[in-house]
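Biologist: I am new to this structure and would be grateful for a close look at a single part of it. Could you please take the salt bridges and explain them in a connected way?

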Amino acid sequence: MINIKEKNYNYNNFNSNNIKSNPAFKKGFTGLTKAADIFIKSQENLSSTRFIQDTATNWAPKALFARSTADFSEMSFLEFIESGIFYFASPILGEKLFRNKLFNGEKFVPKNIKANVNEQIPKTVEEITKNKTITEEIKKRAISKKAGIVLACTAIPVAEYTLSFAKNLFTLKTFNKSNFNNIANLDKKGREKENIAQQIRVEQSAKKHLKEAAVISAAGIMAGAGLALNGHKSKLLLNIAKSILNPGKAIAKGLQLAGYKNEKVKNTISSFSLDFANNNGKLALSKGQLAFTAIVGLFGYSKAAEDRGKLDVLEVWTRVPLVVFYTIVGSELFQKGFEKILEKKNKFPDLLKKNKEGKLVTPKRSELPELAKKLARERGTDKLQELSRLTKQKAFVEGVPYAFSLLFMGLTLSGITRLWTQYRYNHQNKHIAISNMDFLTFAKQQTPEIFKDISSKR
């Protein structure tokens, strides 16, 4: 460890910004601490974190258990493009294309209030409507433009739904295979032949869904542009804009009007939002968008699998629902449970603390320097050593759930799924074989000794 007293650090500048800007401070992080800090940083960025984790927990294990070249290729095609759709499409399309380019002209927002409107875009509807420092026109235009951007991003869940059909077409054109049993190499003896009629059906279905996706995406962009242009002019359009951003609140309100009384259910539904997350003033992937896209993708997986065979459908519904659940909430639930266990055992008390409401909270990476400074002042210890300790502890708290997702959701689930599919195939073909032979022949194969005795007695 570097002696910070010898290096004469400026303690007054010891804050979160120095993690990035202070070269001397960077030199203080070496070895394990540096690796831990890099890991924590990645965990606090939803898009990059989920992309890395999804690749690690989905692609790598499935690559390990790949059943054929075709299986490996189509799985790789699907996983990498899907991860890109999930985790980078929202900020790229929402922030860079629609917010700053297509929906940013003077037709959408007058020049004199453009800066004010754009400043409100990353904020929630509630934050915008309660802001007393801006005019009603700015509020209405900001909400309308933001809802227009979300609507224009319809292409994202649509692309996720049709990706499985694109995968089917990719495999068909590359390997001339459409039968899932052949793609997954379930028939070890190579007796199953490709069915030309099925290949035609798979190709037609894929092309049909891809064309429909293009039409729906274009319609979403046009509808989004219309809402961004005119949403502020009408109370009805403004309410539609709010419902697009927070559909959960609209549904909960409808349940309230219908006389539904379970407040817990209504509150849970009310929290569902398709609004973007605010990443330092930029539009980023939100958990609501992630959930919606993942669920839509599940049904796309299933529908595309129907074209290739029953076992493909069964494999989808064996594995994908668990992956979707874990992607949306499972990882977070597991981490919270792990943190509660550590807190009860009084592990890492400087890091794991309850707030005024009694909820367990952990400081963000950007808050660790100030916490380290405070602890060092109270204990008369070294600030950098305190920060190093807190960084490694936080990496451990977040690393264990991450490792679980890799080992269980990745390796174990992928392995079990493939074994289960092979078992289904073998079991299915055993019954087919039984139905194709007469009972006496089958019985002789199963109990040859008994029949030998019977024959000798005869």
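Modeller: The following account concerns the salt bridges of this chain. The model is a predicted one, and in it the count comes to 20 salt bridges. As general background, side chains of opposite charge can pair when their charged atoms come close.

One such pair is formed by E315 and R67, whose side chains meet with 3.0 Å from N to O. This pair links distant parts of the chain, for E315 belongs to helix α17 (residues 310–344), R67 lies in the loop between α5 (46–64) and α6 (69–102), and the two are 248 residues apart. Both E315 and R67 are buried.

Helix α6 itself holds the pair E95 and R99, which lie four residues apart, about one turn of the helix. The closest N and O atoms of the salt bridge between E95 and R99 are 3.0 Å apart, and both of these residues are buried.

In helix α9 (residues 136–152), E137 and R141 are four residues apart, so about one helical turn separates them. Their side chains meet in a salt bridge at 3.1 Å, N to O. The two partners are not alike in exposure: E137 has 39% relative accessibility and therefore counts as partly exposed, whereas R141 counts as buried because its value is 11%, under the 20% limit.

Finally, salt bridges also join into a network, which links D350, R379, E386 and R389. Of these, R379 falls within helix α18 (residues 368–379), and that helix is followed by G380, whose phi is positive, near 70 degrees.

Terms used: Residues are numbered from 1 along each chain as its sequence is written. This is a predicted model: local features need pLDDT of at least 70, side-chain atom pairs count only at pLDDT 80 or more; totals for chains, interfaces and linings use all residues. Side-chain values use heavy atoms; hydrogens and water are left out. The expected span of a helix is 1.5 Å times one less than its number of residues. A salt bridge is a side-chain nitrogen of Lys or Arg within 4 Å of a carboxyl oxygen of Asp or Glu. Buried means under 20% relative accessible area, exposed over 50%, partly exposed in between (1.4 Å probe, protein chains only).
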